[in-house]
Amino acid sequence: MTTEPAEQGTDFYLMDDFLTAEDRALRLKVRSFVDKDLLPVINGYWERAEFPFELIPKLAALGIVGTTITGYGCPGLSRLAAGIVAAEVSRGDGSVNTFLGVQSGLAMGTINMLGSEEQKERWLPAMATLDKIGAFALTEPDHGSDSVALETSARRDGDSYIINGRKRWIGNASMADVVIIFARDEEDAKVKAFVMERNGDGSYPDGYSTDVITGKIGKRAILQPDITLENLRVPADNRLPGCHSFKDVTRVLTSTRSGASWESLGHAMAAYEIAVNYAKTRQQFGKPIGSFQLVQNKLANMLSELTAMQLICFRLAVLAEDGRMSGPMASLAKMHTAQKARWICSEARDMLGGNGVLLENHVARHMTDMEVVSTYEGTDSIQSLLVGREITGLSAFS
Ligand SMILES: Cc1cc2nc3c(=O)[nH]c(=O)nc-3n(C[C@H](O)[C@H](O)[C@H](O)COP(=O)(O)OP(=O)(O)OC[C@H]3O[C@@H](n4cnc5c(N)ncnc54)[C@H](O)[C@@H]3O)c2cc1C
C-alpha cells in the first residue's frame, strides 16, 4: 500500500505543514506510480542498461511533465510542488528522474526561457505529453566543468546554420525528437542555442550521429550518448532568440540546479527508509541490529542530515518562487544535498551488509545514482567554487 512519507519517518520536522492539499495529493499520485509501476520493473532495466519505454505513457498520465511551466499544456506547478515531485520520483529511481529532469527542466525549460512565442507553441505541448522527447547538449569531450569554453561551432549559411563539433554525456540524445545544441556562433563568438529536430520520417538529419556511452555504474536506465555533429544543417528559425551568450545558459542551469537538490533528497529518503526497515528486522547476536547503539547513532546522524537537506530544499523553493534564489544559493543547496545524500546512501548500503550490494534491495542503485548526481549539473567542487566566489568576491576560475 502507498503510504504518506510521515508514516515512514522521513518527515521528522513536520515539513508537510508547508504543503497544500493539492501538493499532497500530487505526491501521493506520484508515489503510487513509483510503488506500483516503477519499482517492480526498474532493476531489470538498470541491469540491462536499457531505458524503460513502457513507463512513458504512465509518466505522461501523471501530468507532471513541464513542471513549473505555465501554459502550452504544462502543469504550472509551484517550485515546491515541482521539488516534491522530483524527490518522489528519485526516491523510486534516479534514471527515470533524470529522464524527467532532462525533458522538463533542461530541454523544455530552455525553450520556455529562451525560445520565441512561436517556438514555445511549436514544441512545448507535444513535449508535455511526452509525444516528443527532448535533450540538452551542452557538455563536450574537452569541456565539462568549463563548458563556457565550448568549441562546437555554428556558421550562418542562408536560411540555415551549419553546426560542427562533438558533445558528450547527452541524456536522451539517441531517442530525442528535439535536441537543444549549444554552439559558438562564428560571427560574434557568442554561445547560442539551436534546436535540431528529427526528419518527418523519424530519421535524424544528415550530420547528426550518436554513440551511446556504455559501462556506467549509475543511472544505468537512461542513455547518455556522445554526439558527432558534421555539417549539421539547422534552420535559422530553430535558433532560440533568447540565448545571446553563455550567461543565458547559466540562467537555465541555475534554475535546474535546485531540481538536482530535490533529486538528492529523494535518493537519501529512499536509502534512509530502506536502512530503518532493515535495522528493525535484521537479527544478529539474537537481537534486531536496530537495537545496537552504533546502529542507532548512525540512523540518528542520517536523519539529522536528511532533515537539514529538507530544510534547505523547502527554503530554496520559496526563494525561487519569490524570484530571490541567486546562483550561489542554488549552488550551496546542490553542494550540500549531494554531499549528504552520497553519505546517507553509503551508510544505508553498509547497514544492509551483504544484502546491501544486491540490486533487489534497491539501496546500491540509489548509492551509485548519487555518484552521478554529485557530478552532473556542476560537480561538488565547482559548486563550492561558485559559493567561494560569493563569499570572497574572488574567482577561482580565472
Ligand atoms: C550520467 C551523466 C549524465 C549527464 N547528462 C548531461 C546532459 O544531459 N547534458 C549535458 O550537457 N551534460 C550532461 N552531463 C555532463 C556533466 O554535466 C559533466 O560530466 C560535468 O559537468 C563534469 O564535467 P566533466 O565530466 O567533463 O568533468 P571535468 O570538468 O573534467 O572534471 C573532472 C574533475 O576535475 C574537477 N575540476 C574541474 N575544474 C576544476 C577547478 N577549476 N577547480 C577544482 N576542481 C576542478 C571536477 O570537480 C572533477 O572532479 C552528464 C554527465 C553524466 C555523468
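This passage walks through a few strands, a core, a ligand shell and one phenylalanine.

The structure is a predicted model, so local features need pLDDT of at least 70 and side-chain atom pairs count only at pLDDT 80 or more, while totals for chains, interfaces and linings use all residues. Residues are numbered from 1 along each chain as its sequence is written.

Strand β5 makes a handy starting point. Helices (H or I, at least four residues) and strands (E, at least two) are DSSP runs, numbered from the N terminus. In a regular strand, side chains alternate between the two faces of the sheet. In β5, residues 160-167, Tyr161, Ile163, Gly165 and Lys167 make up the covered face, and Ser160, Ile162, Asn164 and Arg166 the uncovered one. Strands count as paired if DSSP finds at least two bridges between them. β5 pairs in the antiparallel sense with β4 (residues 153-157) over five bridges, and Ala154 sits opposite Ile163 of β5. The hairpin of β4 and β5 has two residues between the strands, and here Gly158 takes a positive phi near 65 degrees. β5 also pairs, again antiparallel, with β9 (residues 225-235) over seven bridges; there, Lys167 faces Ile227 of β9.

Next comes the core. A nonpolar core is a set of buried Ala, Val, Leu, Ile, Met, Phe, Trp, Tyr and Cys residues joined through C-beta atoms within 7 Å. A residue is buried if 20 or more other C-beta atoms lie within 10 Å of its own, exposed if 12 or fewer, and partly exposed in between, with C-beta atoms placed from the backbone. The largest such core has 115 residues, and Ala137 and Ala271 have the most contacts inside it. Helix α6 (residues 246-281) gives the most to this core, with 15 residues. Leaving out residues up to four places away in sequence, Ala271 touches Ile344, Cys345, Ala348, Val363, His366 and Met367 (contact means C-beta atoms, placed from the backbone, within 7 Å).

Helix α6 is also home to Phe246. This residue counts as partly exposed because it has 18 C-beta neighbours inside 10 Å. With the same sequence neighbours left out, Phe246 touches Val148 and Val191.

As for the ligand, 22 residues surround it, and Leu138, Thr139, Gly144, Ser145 and Thr379 come nearest (a residue is near if its C-beta atom, placed from the backbone, lies within 6 Å). β3 (134-137), α9 (363-375) and α10 (380-392) each give two or more residues to this shell, with α10 giving the most, three residues.

Technical notes:
Two residues are in contact if their C-beta atoms, placed from the backbone, lie within 7 Å.
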